[in-house]
Amino acid sequence: MHQNKLFNQTRGRLAGWYAGVMGVILSLSGLVTYQMVAYSHWHAVEQELESVSGTLHDNLESKLRQPGKLEPSVEAALPGLCAANQSCISQSDNAGRHILGIVQQNGYYLRFLEQSGQAIALLGQYPNEASADIQEGWQTVKGSDGTRYQQISLLLKTADGTSWGYMQVGRSLKEYDDHLTTLRWLFLIGLPAGIVLVGGTGWWLAGMSMRPIYQSYERMQQFTADAAHELRTPVAAIRATVEAAQDIHPLSEAEVQDTLAVVARQNKRLAQLVQDLLLLSRMDQQTHPIKHSACCLNDLVVDLVEELFVLEIAKAIKLTHQIRVNEPLFVMGDEAQLSRLISNLITNALQYTPDGGKVTVILERDDHHALIHVQDTGIGIAPANQTRIFDRFYRVNSDRSRHTGGSGLGLAIARAIARSHQGDLKVQSRVNEGSTFIVRLPLKD
Ligand code: ADP
């Protein structure tokens, strides 16, 4: 198959399509997965900030008295809080000591601002000193090192309801961004690798599924070559005979008769070959309808044995039949085809059995089937050839078969007929001892 350009191209195209379609599916599912992961992480970040800022907001508001001024009770509740005009060192020693210790972790911050946006106090490390404009709600800001932060700003009110200023709670998005970057890299490397893998698998699968098609294509090519070869022989013989006759001037009556006899014989062979090929191809396409009628196998066997008796005398072979049933056996089918099937087997048996041998046709019943054995004491068939003799144009010894007029289609036709009648044809044989061909046909209900 590897050498055949058409099959290789088709195989490549199939693998390409497979990889392409799988690539689109993989990309889409990768995109959806990426979006879902990004969304769920983002949602978790916002939920966390929302819950921390909400708790702080509720806790602190009751403690605030004067706008823009942090009461000592607030400072006590938030250890490590550093006023804007002071320089504070890291508050990491306090981490974990307070119930709101989360804002004291690395990457988090808490800011208090006046309504004008002026910073009052900071807990944690604020990334963007320059950002002065303040707006309520969510904001994403970028630190000087490029790290993104998500923050929420809430308006705080004093106990008497006047606006106090803003509280900002924010956290670094580094972990979130890193996670998504890793995921993007995974997809960027994984997707082409996946497509290459799918392409390779597609190539292998296409090869596997195309193998039977290729085998039947090869058989067809072999069949065409064999058929052409078989047809060429009689055509060449006719041409040679006619050309030889044209060279003789004048032709005697006997020479004319000889030439015509050769032409007629080769023409008969040609006609038989064409007829056999047509029959086989129709049976292949199942366009040759089986004329369903009840056929009595007892009569068929007896009649055929009587008809072929002439050949038996000529070759001094003992041709007999044994009907091993007491009742007539009927099968549904085409009588002409069934007759062809059995006569092919008997003529073969007669042809491949030396003088003095025996050919016996046995009819018996096996449950719902009729069995016809064509038994001979002939040359037999070697085990290696027993499966091949049913192939079209196959002959064990082509010289001998050609001599007997065989084209190698007899058994192929016989098996095709048996199978088109839901039956089968098998062979048992031993070299130099003889062969038995067994036809199995389903009996009429
Ligand atoms: P052919 O027309 O050459 O006889 P067949 O298809 O009928 O073609 O048979 C195929 C081959 O099987 C023959 O060439 C022959 O070698 C072998 N064969 C068929 N029947 C017998 C038999 N009864 N005994 C031995 N060989 C046989």
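Helix α1 covers residues 5-61, and helix α3 covers residues 174-247. In this predicted model, their axes come within 7 Å of each other. The crossing angle is roughly 155°. Angles over 145 degrees count as roughly antiparallel, so α1 is roughly antiparallel to α3. The handedness is set too: α1 passes α3 in a right-handed crossing. What kinds of residues make up the contact of α1 with α3? They divide into 26 nonpolar, 12 polar and 2 charged.

Next, the surface. Four residues, Y18, W204, L205 and M208, form a nonpolar patch there. Its area is about 410 Å². Which helix gives the most to this patch? Helix α3 does, with 3 residues. Y18 belongs to helix α1.

Now the charged pairs. The structure contains 12 salt bridges. One salt bridge joins the side chains of K174 and D178, with an N to O distance of 3.1 Å. For a salt bridge, the nitrogen must lie within 4 Å of the carboxyl oxygen. Where do these two residues sit relative to each other along the helix? K174 and D178 are 4 residues apart in helix α3, which means that about one helical turn separates them.

A second helix pair lies further along the chain. Helix α5 spans residues 297-307, and helix α7 spans residues 335-351. Their axes come within 10 Å and cross at roughly 50°. How is α5 oriented to α7? That angle falls outside the roughly parallel, perpendicular and antiparallel ranges, so α5 is oblique to α7. The crossing of this pair, α5 and α7, is right-handed.

Both pairs can be read in the same terms. Two packed helices are described by the angle between their axes and by the distance between those axes. For α1 and α3, that gives roughly 155° and within 7 Å. For α5 and α7, it gives roughly 50° and within 10 Å.

Notes:
Residues numbered from 1 in each chain as written. Predicted model: local features only at pLDDT ≥ 70, side-chain atom pairs only at ≥ 80, totals over all residues. Heavy atoms only, no water. Axes fitted to C-alpha atoms, helices over the stretch in contact; angles between N-to-C directions. Parallel < 35°, antiparallel > 145°, perpendicular 65-115°, else oblique. Left-handed = near helix turned anticlockwise from the far one by under 90°. Nonpolar A, V, L, I, M, F, W, Y, C, P; charged D, E, K, R; others polar. Patch = residues over 30% accessible without salt bridge, like charges linked within 9 Å, V, L, I, M, F, W, Y side chains within 5 Å. Areas by Shrake-Rupley, 256 points an atom, 1.4 Å probe, with all protein chains shown as cover.
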